[in-house]
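User: Please take a close look at one chain of this model. I want to know what it touches, inside itself and outside.

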Amino acid sequence: MRFPIEAFGGFSAGTGMLVALLIGVGFGFFLERAGFGSARKLTAQFYLKDFAVLKVMFTAIVVASVGFWWLVALGMLDLSVTFINPTYLVSQIAGGLILGIGFAIGGYCPGTSCVAVATGKLDALWYVGGVVFGIFVYSLTEPLFDGFTKLGSMGEAYVWDWLGVAPGVVVLAAVLMAVGAFSLGTWVERRSGNVLKN
Amino acid sequence: MRKIESKPYWSPYAAGLGLGIVLLLSYMLMGTGLGASGAFARGLYSVMHLFAPENMEAHSYMGKYFANGANPLNNSLVFVVIGVFAGGLISGVLSGRFKKTVEKGPNIRTSGRFIMAFAGGTLMGFAARLARGCTSGQALSGGATLALGSWAFMFAVFAGGFAAAYFVRRQWQ
């Protein structure tokens, strides 16, 4: 079997949409289970009271990363037909900083806001309105600073390539980093003791 | 009336494991990661296209979504986001967490919280376009595929969040 199945013609258009829908259902389900339909739970991360954001995100990243790079090493996943986020260092760092500031103010991120709306959070409706408005403003003004958004362009750059090591080394380092960050997070949680449980 | 108690959240590691498996499946089946902000943009652009089709198709930034008669809604990430709503609803109902409420601390009025939610959303919508993805499209997906810029993005998000948190603490604490 060769992955991604979509790229090797394994899905008809209808099946492809159904698969995408089911993947979304899984995504939304686990976000809600984690408590990410709650802005109080999400933002507690930034006050060092609840490290769920860090723990959920990094668990997901290392689980997917181990599987992903294992499949690549076995020759079962073809990177040339898989979407890899291209690197534009300047706009990614600038965008990341603004996004983080917006996270602390707005209380959600775009994915978690869908779960919040679906579970009845009225503030999330206003948040979604803001996201659409922000996209509207960006899209209309982008031609004015198009050059800026292309600064630091490096194409499909990988962390392991940049460090000059094998992918597995970075995957292992990410796992160790995650475990270290989890223990540190749990230690801080115990001291401030305010994890939101439901 | 009996008060319905909501069930506790899952352990972050259990939820993260589930999320990681979904993310891996997304790459194995569709060849892309997860995303949320892209679908919002695609929805917005289709509505804008209803009002000004020629302007949209000729636009230097948004025109590519309509290249060769393409429909921006005909994209797997749009279906993913529809699924996210459904999945969130299913989990919320099953765990007794579906509840019409406003997420805020005791020291801010509901109207104030709505303004903050809209303002934060605006910043994030803008930033997600600038960074070419949000927490799911960049941090989760690019994080797992070890994309260099996505890791830079991730650290920037945490830096921005921690830096801003102090100034909006009254909203939550």
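Analyst: What follows covers chain B, first within itself and then against its partner.

This is a predicted model: local features need pLDDT of at least 70, side-chain atom pairs count only at pLDDT 80 or more, and totals for chains, interfaces and linings use all residues. Residues are numbered from 1 along each chain as its sequence is written, chains are lettered from A and ligands numbered from 1 in the order written, and side-chain values use heavy atoms, with hydrogens and water left out.

Start inside the chain. Chain B splits into domain 1 (1-99) and domain 2 (103-173); these bounds come from an automatic or database domain assignment. Over C-alpha atoms, the centres of the two domains of chain B lie 17 Å apart. Domain 1 of chain B puts 13 residues into the contact and domain 2 of chain B puts in 11, where contact means heavy atoms within 4.5 Å.

The two domains of chain B bury about 780 Å² between them, and carbon and sulfur atoms give 58% of that. Buried area is the accessible area (1.4 Å probe) that two parts lose on being put together, summed over both. There are 0 salt bridges between these domains; a salt bridge needs a side-chain nitrogen of Lys or Arg within 4 Å of a carboxyl oxygen of Asp or Glu. On the domain 1 side, α1 (12-30) and α2 (37-51) of chain B each give two or more residues. Helices here are DSSP runs (H or I, at least four residues), numbered from the N terminus. α2(B) gives the most, with 4 residues. By class, this side has 9 nonpolar, 4 polar and no charged residues. Nonpolar means Ala, Val, Leu, Ile, Met, Phe, Trp, Tyr, Cys and Pro; charged means Asp, Glu, Lys and Arg; the others, Gly among them, are polar.

Now the partner, chain A. The contact takes 119 residues from chain B and 126 from chain A. About 10600 Å² is buried between these chains, 76% of it on carbon and sulfur atoms. The rule finds 3 salt bridges across this interface. One side-chain salt bridge joins Asp123(A) to Arg113(B), at 2.9 Å from N to O. Several helices of chain B supply at least two residues each to the side touching chain A, including α1, α2, α4 (76-94) and α5 (110-130). α1(B) gives the most, with 18 residues. By class, the chain B side has 71 nonpolar, 37 polar and 11 charged residues.
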